[in-house]
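Got the viewer open? Let's take a short walk through how some helices and rings sit together.

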Amino acid sequence: KDDVHLLMKWLIDCQNNTKSESITIQEIEEEIQDLKNDFNIMQEMSDLSYNEWLDEYKNHIIGLNLKKTAVHHNLRPNHIYVNHTDSIINVIDWEDFEKKGNPFFDFMWFAITVMTWSNDDVKEFSSNLKETGNAAHTIKIIKEYMNNHFQTDLDFIILLRFFILKWISFKIKRGSKIDFVYISLLKTLSENF
């Protein structure tokens with residue numbers, strides 16, 4: 001619990017220190033369209049409501065005046081080291097670093113990875129959605145920090161869907177094969193919400 005609080009404070013400090021220009025409506029719309037184009041040609045995505053989810057995301061964030069920030073792009077428990085003596089967070093694996101990106105990405109990617117941190121990713125994800133999983137308390141902390149940091153009541157499910165979609169696209173564009181675990185996570189979300 002204390003480590004999660006430290007990480008959230010570290011992430012917010014990082015974002016506050018790297019804020020730049022606002023994300024424009026045009027950039028949001030272009031990102032959404034790019035994702036739709038990616039998935040329209042993927043047979044594996046054909047039975048998912050990704051067009052609707054992407055539109056929900058756009059409508060949810062369009063009035064928030066989000067500032068671009070530095071993005072680690074792979075913030076996960078095994079990339080974070082905590083110096084408990086000095087209460088300092090050290091983050092490794094900066095190979096996908098982006099100087100000006102979506103400020104939700106690191107919050108959501110960390111949430112997704114802890115929600116699936118088990119031998120059965122999909123089952124653990126599902127139990128965390130129901131607030132009974134191993135990361136249920138961690139997710140509650142993340143949500144609270146995000147809502148305070150962005151000064152709004154964010155819809156966590158809309159953000160989960162979007163960033164799982166974003167991650168699938170990101171990996172495909174880097175030449176990776178489709179990871180069907182993430183498609184299963186999207187199916188779990190569509191069945192439960």
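A bit of vocabulary before you click: angles of 65 to 115 degrees count as roughly perpendicular, under 35 as roughly parallel, over 145 as roughly antiparallel, and the rest as oblique. Keep in mind that this is a predicted model.

**Stop one: two helices.** Select residues 50-61, which are helix H3, and residues 156-173, which are helix H7. Their axes come within 9 Å and cross at roughly 120 degrees, so H3 and H7 are oblique to each other. The crossing of H3 past H7 is left-handed.

Now show the side chains where they touch. On H3, pick Tyr50, Trp53, Leu54, Glu56, Tyr57 and His60; on H7, pick Ile158, Leu159, Arg161, Phe162, Phe163 and Leu165. Colour this H3–H7 contact by residue class and you get 9 nonpolar, 1 polar and 2 charged.

**Stop two: the rings.** How many aromatic pairs does the structure hold? There are 13. For one of them, select phenylalanine 105 and phenylalanine 163: the pair is edge-to-face, with 5.6 Å centre to centre and 85 degrees between the planes. Phenylalanine 105 belongs to helix H4 (residues 105-115) and phenylalanine 163 to H7, so this pair ties together parts that are 58 residues apart in sequence. Switch on a surface here: are these two phenylalanines buried or exposed? Phenylalanine 105 and phenylalanine 163 are both buried.

**Last stop: the cluster.** Select Tyr57, Phe105, Trp109, Phe162, Phe163, Trp167, Phe170 and Tyr182 together; ring pairs link them into a cluster. You've met some of these already: Tyr57, Phe162 and Phe163 are among the residues of the H3–H7 contact.

Conventions
Residues numbered from 1 in each chain as written. Predicted model: local features only at pLDDT ≥ 70, side-chain atom pairs only at ≥ 80, totals over all residues. Heavy atoms only, no water. Axes fitted to C-alpha atoms, helices over the stretch in contact; angles between N-to-C directions. Helix = DSSP H or I, 4+ residues; strand = E, 2+ residues; numbered from the N terminus. Left-handed = near helix turned anticlockwise from the far one by under 90°. Contact = heavy atoms within 4.5 Å. Nonpolar A, V, L, I, M, F, W, Y, C, P; charged D, E, K, R; others polar. Phe/Tyr/Trp six-rings, centres within 6.5 Å; stacked < 30°, edge-to-face > 60°. Buried < 20%, exposed > 50% of the residue type's maximum accessible area, 1.4 Å probe, protein only.
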